[in-house]
Amino acid sequence: MTRKPATARRKATAAERESAPATAEAYADTVHVGDCVELMNAMPEGSVDMVFADPPYNLQLEGDLHRPDNSRVDGVDADWDRFSGFKSYDEFTHAWLSAARRVLQPNGTLWVIGSYHNIFRVGAILQDLGYWILNDIVWRKSNPMPNFRGRRFTNAHETLIWAARDKDAKYRFNYEAMKTLNDDLQMRSDWTIPLCTGAERLKNAEGKKAHPTQKPEALLYRTILSSTDVGDVILDPFLGTGTTGAVARMLDRRYIGLERDEEYAALARERLTGIEPLAEPSLLTTPAKREQPRIPFGWVVERGLLKAGQTLTDQQRRHTARVRADGTLSAADFRGSIHQVGAHVQKAPACNGWQFWHVELDDNLVPIDLFRQKLRAELH
């Protein structure tokens with residue numbers, strides 16, 4: 001993702017307003033050039049599922065920055081990141097956040113990224129507008145730019161705010177997908193992802209960086225996968241060179257890109273034409289456990305996948321129980337469900353019996369959850 005030109009400063013012309021698409025469908029999968037606030041205000045209310053915004057950071061840079069060898073650092077010095085003061089930046093932020101909230105559907109969410117220069121002001125304004133903050137995410141850069149002057153700590157992270165449209169929104173969070181992506185551990189709010197470099201970094205005709213703040217696709221991959229579904233519409237009001245649209249297409253989501261700078265928009269269009277979504281949408285979703293069909297352990301027994309009298313054990317082989325014909329287990333003098341017996345032998349308040357109990361299968365100890373997944377697959 002890239003940080004892009006400030007788009008709330010110029011009023012749209014009458015011709016732009018008249019030619020603006022009248023439906024969300026007309027906006028989808030297209031890069032639109034113009035003032036992002038004007039364009040969003042022309043869109044139908046409640047028409048997008050997610051907004052990802054990488055606005056100007058208002059870096060307040062004064063003069064060039066040089067390395068110890070006196071070579072110039074290629075930083076952000078474009079006009080779109082210059083504001084006359086905090087008041088003008090706050091007005092700009094209020095305008096685009098208001099427009100974004102209007103086009104969000106009631107259960108939609110917004111992601112916005114920033115640095116210490118702007119993220120605290122952005123956070124206060126979005127709360128004032130009625131957004132409800134769900135998380136702040138620390139993007140820890142594994143390869144940050146050093147602090148060449150040696151007068152401050154190295155700026156090694158940026159902050160993302162994830163917010164629902166309001167406090168009562170029934171927002172989407174793909175918990176299982178995030179946990180699976182993180183090697184079956186709960187995804188934390190600190191993400192270590194490298195800066196956008198190498199072949200992923202877009203270059204201009206002179207071989208230089210096409211945009212100074214292009215974000216890595218991995219960062220957008222995680223945000224989009226975490227909070228949208230296949231076919232959802234994702235709006236980026238500061239599209240830049242198109243990272244949000246590119247990742248949205250990869251994951252079979254739809255995108256709406258708004259960009260003030262025609263050169264950036266042209267680069268984004270070229271980039272997006274070469275991306276096709278995965279042909280098998282089923283590979284893009286991770287069903288939530290609560291959405292999966294319930295499989296009683298008794299079904300495993302009656303289907304003969306496990307037989308009455310068979311012995312189960314935990315993974316460390318410390319406890320054993322025998323399968324009964326009615327789908328319960330017996331362990332010494334206690335009888336109950338796979339969960340109850342698992343909790344009893346461990347002297348624990350609760351237990352997931354599907355994961356706790358194992359059985360020998362082809363000389364391997366496997367969890368009995370293997371049989372539940374087999375029956376679920378047959379139901380599908």
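**Strand pairing and the setting of helix H8**

Strands E7 and E8 run parallel and are joined by four bridges. Within this pair, Leu 235 is found opposite Ile 256 of E8. The description here rests on a predicted model.

The two strands belong to an open sheet of eight, whose order reads E1-E8-E7-E2-E3-E5-E4-E6 and whose pairing is mixed. At its edges lie strand E1 (30-33) and strand E6 (190-192), each of which pairs on one side only. From one strand to the next, the twist averages 20°. Helix H4, spanning residues 86-103, packs on this sheet, where it touches E2, E7 and strand E3 (104-114). The direction of H4 makes about 145° with that of E3.

Helix H8 offers a second view of the surroundings of E7 and E8. This helix covers residues 243-250 and is mostly shielded, with seven of its eight residues buried. The buried positions are Thr 243, Thr 244, Gly 245, Ala 246, Val 247, Ala 248 and Arg 249. Which elements cover the buried residues of H8? Among the strands, the cover includes E2 (48-53), E7 (233-236) and E8 (254-259); helices H7 (217-227) and H9 (262-273) also contribute. Strands E7 and E8 thus appear both as a parallel pair and as part of the cover over H8. E2, for its part, is touched by H4 and also helps to cover H8. Just after H8, the backbone shows a local feature worth a look in the structure above: Asp 252 takes a positive phi of about 60°.

Key:
Residues are numbered from 1 along each chain as its sequence is written. This is a predicted model: local features need pLDDT of at least 70, side-chain atom pairs count only at pLDDT 80 or more; totals for chains, interfaces and linings use all residues. Side-chain values use heavy atoms; hydrogens and water are left out. Buried means under 20% relative accessible area, exposed over 50%, partly exposed in between (1.4 Å probe, protein chains only). Contact means heavy atoms within 4.5 Å. Two strands pair if DSSP finds at least two bridges between them. Axes are lines fitted to C-alpha atoms, for helices over the stretch in contact, and angles run from 0 to 180 degrees between N-to-C directions.
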